[in-house]
Amino acid sequence: MTIRLTVAQALVRFLAAQYTERDGVRQRSIAATWGIFGHGNVAGLGQALVEYGDDMPFHQGRNEQSMVHAAVGYARQSNRLSAHAVTTSIGPGATNLVTGAALATINHLPVLLLPGDIFATRVADPVLQQLEVPYAGDISVNDSLRPVSKYFDRVTRPEALIPAALQAMRVLTDPVETGAVTLALPQDVQAEAYDWPEEFFAERTWAVRRPGADPAELAEAVQAIRAARRPVVVAGGGVHHSRAEEALAEFAAATGIPVASTQAGKGSLRHDHPQDVGGVGHTGTATANELARQADLVIGVGTRYTDFTTASGTLFAGEGVRFLNLNIAPYDGHKLAGLPLVADARGALQELTEALRAHRVPGAYVDEYTLDKERWEQRVDACYESDEPDIRPTQPQVLGALDALVDESDVVINAAGSLPGDLHKLWRARSRDQYHLEYGYSCMGYEIPAAIGVKMAAPDRNVWALVGDGTYLMMPTEIVTAVQEGIAIKLLLIQNHGYASIGGLSETVGGERFGTAYRYQSDDGTYTGAPLPVDLAANVASLGMRVLRAKTVRDLRAALEEARASDTPTCVYVETETADTVSGAPPAQAWWDVPVAATATRASAVKARELYERHVSTRRRHL
């Protein structure tokens, strides 16, 4: 039996029938589609989404990049077991997907991209918005999505949709390969009719694998842990993807091995778990980083070992330090010349706990990091507290006010600026998914649309988008979407008049904060004049969101409480005091490599280069 449908109609019906299953839980694989329509998709996918609206929910976006961010937020909150599709026209709509696709792929989060494309039949050539390439007739702007997609195909014939759609689902549901998947759809092919086999539209369930550990690798891992005197776990995002938090907690409690976390892995243990020692790396805690410096075995669980985690190769400095890498991806399992344990994190941690029964690290080691953890918590308290409630808060005090209000049901989202560093050091994660930091790509503009996606996946949770003025101005557009659909996200908008994190970095590398402040120009042409008289709160309100202004610590506490109780999209706007005048968060506890000018005449750059060379000399390659 066959069914006659257009290619676009067939794709929508196919996607509506796809499911994932893990641990006995089955759910829709593609739960909804986001779209902005133009001539490249309005007559094809646009018409198909109208035709089959009962089968495929639709969400209207305002910016193509932000639609991908919303889809990524949804996928992460759904443990990668459910995702969204995003459709755009050919041209700028399609190329606007590139940043979002890179973010999804770098963070191993599934999203299906369906950009329109030029005519496959070339009957109209060139069409509006077509990139003409003299040496190749089959290239369009969509080819810019190839390097940032885990799978890419261009469906130039109706029958080619069948293998392309199946391959797309294979990659989207693969725990190793998942990321952005792109099916470029020529606009004429989208509207073309074809007789499809009825089996193509049957419900299909994709099992998400939990591969077990190889016995030889497991035995070697157990031997390495038993031989270690100062082991430390580095928990990455793979702990969350596997839902291995409970298994990690049991492993840590049984062995006494401390657990440090990357940005993606924070929350793998609750902040009050005895073995949780906080963030590790450039934005980490003094406790975790000192343990990392002296570790003789680093047990990476679901981490990619980015430069922030390793302090650009300077952090793990112990003589003879070895690495044991538990990771579902072989590529990451072999990093830093480590012992690979290629397996699902949850299952392998359970096997390690069983195999290590009665093994525990020395009591003196536990006493050492327990005391250091208590000292760090005292530093956090000092940053959070304010003895003067009627003054303008610092950024850490803003976080402290939010920390005092939330419970384990709240989700806190951030991606860029100075907030990731403060959050990684200071935030006390109360649940496995409360801390939502996108730091694989650290994309400005991610937070607001991602909050919408998270709220869609977890409608009963309080979802906070923490945004600085710099990232807000990049992409506030989906506030309109939140208002339109009544998605009650909470926006905490912090005004510090510029790119604060890069300003601080610029100062340390001899850049003298050049071009990082939102200020008027001075007579010398530098942006060092008075702050710009922008009113971001008024801008938020103009987009339809309720705004609560907070001028003092006392105001802030009241505004946050009111926002949390609100059932409509609500923004708390606060201008912060700068770290130049009052105490801010603790400085970086580990280095990060940002190359400094090798020669310069300005004193700031010369001094920065001297410091840089001292740090570079401590870098090591783990072989």
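## A tour of pockets, cavities and helices

Start with helix 10: this helix gives the most to the lining of the second largest pocket, with 4 residues. Before going further, keep in mind that you're looking at a predicted model.

**Stop 1: the second largest pocket**

Helix 10 spans residues 245-255, so select that stretch and look at the space beside it. The second largest pocket holds about 260 Å³ of space. To find its centre, select Arg22, Asp23, Arg210, Arg243 and Arg346, which are the closest to the centre among the 14 lining residues. Now add strand 3 (25-28) and helix 14 (345-355), since these two, along with helix 10, are the elements that give two or more residues to the lining. What classes of residue make up the lining of this pocket? Colour by residue class and you'll get 8 charged residues, 3 polar and 3 nonpolar.

**Stop 2: the largest cavity**

Next come the enclosed spaces. Rolling a probe the size of a water molecule over the atoms shows where empty space is left. The count of cavities of 30 Å³ or more comes to 3. Take the largest cavity, with its volume of about 180 Å³. Which residues sit nearest its centre? Select Lys266, His271, Asp276, Gly278 and Trp427, and you have them; the full lining runs to 24 residues.

Show the surrounding elements too: strand 13 (259-261), strand 14 (276-279), helix 15 (363-384) and helix 17 each supply at least two residues of the lining of the largest cavity. Sorted by class, that lining has 10 polar, 8 nonpolar and 6 charged residues.

**Stop 3: helix 17**

Stay with one of those wall elements, helix 17, and select residues 419-426. Is helix 17 mostly covered or mostly open? It's mostly covered, with 8 of its 8 residues buried. Walk along helix 17 and you pass Leu419, Pro420, Gly421, Asp422, Leu423, His424, Lys425 and Leu426, each of them buried. The charged side chains don't escape this: Asp422 and Lys425 are on the buried list and count as charged.

**Stop 4: helix 18**

Jump to residues 447-457, which form helix 18. Because 9 of its 11 residues are buried, helix 18 is largely enclosed by the rest of the structure. To see the covered part, select Glu447, Ile448, Pro449, Ala450, Ala451, Ile452, Gly453, Val454 and Lys455.

**Stop 5: the second largest cavity**

Now head back towards the start of the chain. The second largest cavity has a volume of about 50 Å³. Select Leu11, Val12, Leu15, Thr33, Leu45, Leu49, Met56 and Leu114 to show its lining. How many of these lining residues are nonpolar, polar or charged? The split is 7 nonpolar and 1 polar, with no charged residue. Thr33 is on the lining list and falls in the polar class.

Two helices contribute here: helix 1 (7-16) and helix 2 (42-51) each supply at least two residues of this lining. Helix 1 gives the most, with 3 residues.

**Stop 6: two helix crossings**

Keep helix 1 and helix 2 on screen. Their axes come within 8 Å and cross at roughly 50°. That angle makes helix 1 oblique to helix 2. The crossing of helix 1 and helix 2 is right-handed.

For a second pair, select helix 3 (residues 64-77) and helix 5 (residues 97-106), whose axes come within 7 Å and cross at roughly 20°. Helix 3 is therefore roughly parallel to helix 5, as angles under 35 degrees count as roughly parallel. The crossing of helix 3 and helix 5 is also right-handed.

**Stop 7: backbone oddities**

Carry on past helix 5 into the loop that runs between it and strand 7, where you'll find His108. His108 isn't a glycine, yet it has a positive phi of about 55°. With 23% relative accessibility, His108 counts as partly exposed.

Then move to the loop between strand 7 and strand 8, home to Arg122. Arg122 has a positive phi of about 60°, and it's not a glycine either. At 41% relative accessibility, Arg122 counts as partly exposed.

Where is Pro126? Look in the loop between strand 7 (111-117) and strand 8 (151-154). Zoom in on the peptide bond from Asp125 to Pro126: this bond is cis, with omega near 5°.

Note on methods:
Residues numbered from 1 in each chain as written. Predicted model: local features only at pLDDT ≥ 70, side-chain atom pairs only at ≥ 80, totals over all residues. Heavy atoms only, no water. 1 Å grid on protein atoms, 1.4 Å probe; cavity = no way out; pocket = protein on both sides within 12 Å on 5 of 7 lines; lining within 4 Å. Points joined across faces, edges and corners; volume = space filled by probe spheres on them. Buried < 20%, exposed > 50% of the residue type's maximum accessible area, 1.4 Å probe, protein only. Axes fitted to C-alpha atoms, helices over the stretch in contact; angles between N-to-C directions. Parallel < 35°, antiparallel > 145°, perpendicular 65-115°, else oblique. Left-handed = near helix turned anticlockwise from the far one by under 90°.
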